[in-house]
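Let's take a walk through a protein together, one piece at a time. Have a look at the sequence and the 3D view, and keep them open as you read.

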Amino acid sequence: MQPHKIVSREEWIEARKVHMAHEKEFTQARDRLSEERRALPWVKVDKSYVFDGPAGKQTLADLFAGRSQLVVQHFMFAPDWTEGCKSCSFWADGFERMIPHLAARDTTLVAISRAPLAKLQAFKQRMGWTFDWLSSGDNDFNYDYAVSFTPDQIKSGAKVYNFGTSGFGIEEAPGISVFFRDQAGNIFHTYSCFARGLDMMNAAYHYLDLTPLGRHEEGLPYPMDWLRLRDQYQPAPVQASCCHG
């Protein structure tokens, strides 16, 4: 941590006001960005996808659950993995209780992975999640929306991830895709984001950003090296205190 100047309460408030002006600039810029995002053109989804879900075989249209908007969390879980990605689980812990609030605004959120449904359900039970999680193992959905890659793509080092801006070293990658369904039943792909574009959906990271240490990921082999599935964290060691210290 960098050294910090210690000041009076009055001086701190003045410094905070200066920073607040920058925060307001960022908020206004973010509002403009969100408006620009909503104005992006759409792509009609003409391909049929059938998923394995808790209610049996379900089409992409079925996933909307009668609502007009669908958010898909592309959860990294390959067919031969024994458990889901710890980073995707970090995000899932954050949106788990959000589902009813999104539904109140005409929006359904589901997770989709290539692993078989039985594996998804077992891991979901272990984590205590309740959101709908479907398997795309029998269709091309993950490949079409650029979150799964063939061995040849990985080996070639081709820039196949994040709209062709980077490669990806393993078969699964994280992402979010958004779809809209009109009254005639037409489905449109309206938005996708990947990599750091997912940051804004992780509330835990934003809480850490408010603290003096921040995310505290400097010097790690990679930024999320510290992360564990939430049932794998070890209790922090307790520092004993006594007069014989």
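**A walk from the middle outwards**

Strand β5 has both of its faces covered: Thr107, Leu109, Ala111 and Ser113 on one side are all buried, and so are Thr108, Val110 and Ile112 on the other. Put as a count, 7 of its 7 residues are buried. Keep in mind that what you are looking at is a predicted model. The way the two sets of residues take turns along the strand fits a simple rule. In a regular strand, side chains alternate between the two faces of the sheet.

Who are the neighbours of β5 in the sheet? Strand β4 (69-74) runs parallel to β5, and 6 bridges join the two. You can find one of these pairings by looking for Leu70, whose bridge partner in β5 is Thr108. β5 also pairs with β6, again in the parallel sense, over 3 bridges. Here you can look for Ile112, which has Leu134 in β6 as its bridge partner.

Now turn to the helices. In α3, 7 of the 10 residues are buried, so this helix is largely enclosed by the rest of the structure. Its buried residues are Ser87, Cys88, Ser89, Phe90, Trp91, Ala92 and Phe95. Among the elements that cover them are β4, α4 (99-103), β5, α5 and α8 (203-209).

Helix α5 (residues 117-127) makes a good second example. Which of its residues are buried? They are Leu117, Leu120, Phe123, Lys124 and Met127. Seen down the axis of α5, these residues fall within an arc of 135°, so they line one face of the helix. There is a general reason behind such patterns. An α-helix has 3.6 residues a turn, so residues three or four places apart point the same way. The cover over the buried residues of α5 includes β2 (50-53), α3, β5 and β6 (133-135). On the face turned away from the buried side you will find the exposed residues Ala118 and Gln125. Just after α5 comes Gly128, which has a positive phi, near 75°.

Next, find β7 and β8. These strands pair in the antiparallel sense over 7 bridges, and Phe180 stands opposite Phe188 in β8. The hairpin they form has 5 residues between the strands, and in it Gly185 takes a positive phi near 90°. β8 also runs antiparallel to β1 (residues 43-44), joined to it by 2 bridges; there, Lys44 stands opposite Phe188. Of the 8 residues of β8, 7 are buried, so the strand is largely enclosed by the rest of the structure.

Several of these pieces meet again at the largest pocket, which has a volume of about 930 Å³. It is lined by 25 residues, and those nearest its centre are Arg37, Val71, Val178, Met200 and Met201. Which elements supply at least two residues each of the lining? They are α1 (9-38), β4, α3, β5, β7 (175-181) and β8 (187-194). β7 gives the most, with 4 residues. Sorted by class, the lining has 17 nonpolar, 6 polar and 2 charged residues.

Finish your walk at Tyr222, in the segment after α8. Buried residues have under 20% relative accessible area and exposed ones over 50%, so Tyr222, at 39%, counts as partly exposed.

Conventions: Residues are numbered from 1 along each chain as its sequence is written. This is a predicted model: local features need pLDDT of at least 70, side-chain atom pairs count only at pLDDT 80 or more; totals for chains, interfaces and linings use all residues. Side-chain values use heavy atoms; hydrogens and water are left out. On a 1 Å grid over the protein atoms alone, a cavity is a set of points where a 1.4 Å probe fits but cannot get out, and a pocket is an open set with protein on both sides within 12 Å along at least five of seven lines; lining residues have an atom within 4 Å of a point. Grid points are joined across faces, edges and corners, and a volume is the space filled by probe spheres set on the points. Ala, Val, Leu, Ile, Met, Phe, Trp, Tyr, Cys and Pro count as nonpolar, Asp, Glu, Lys and Arg as charged, and the others, Gly among them, as polar. Buried means under 20% relative accessible area, exposed over 50%, partly exposed in between (1.4 Å probe, protein chains only). The arc is that of the directions from the helix axis to the C-beta atoms. Contact means heavy atoms within 4.5 Å. Two strands pair if DSSP finds at least two bridges between them.
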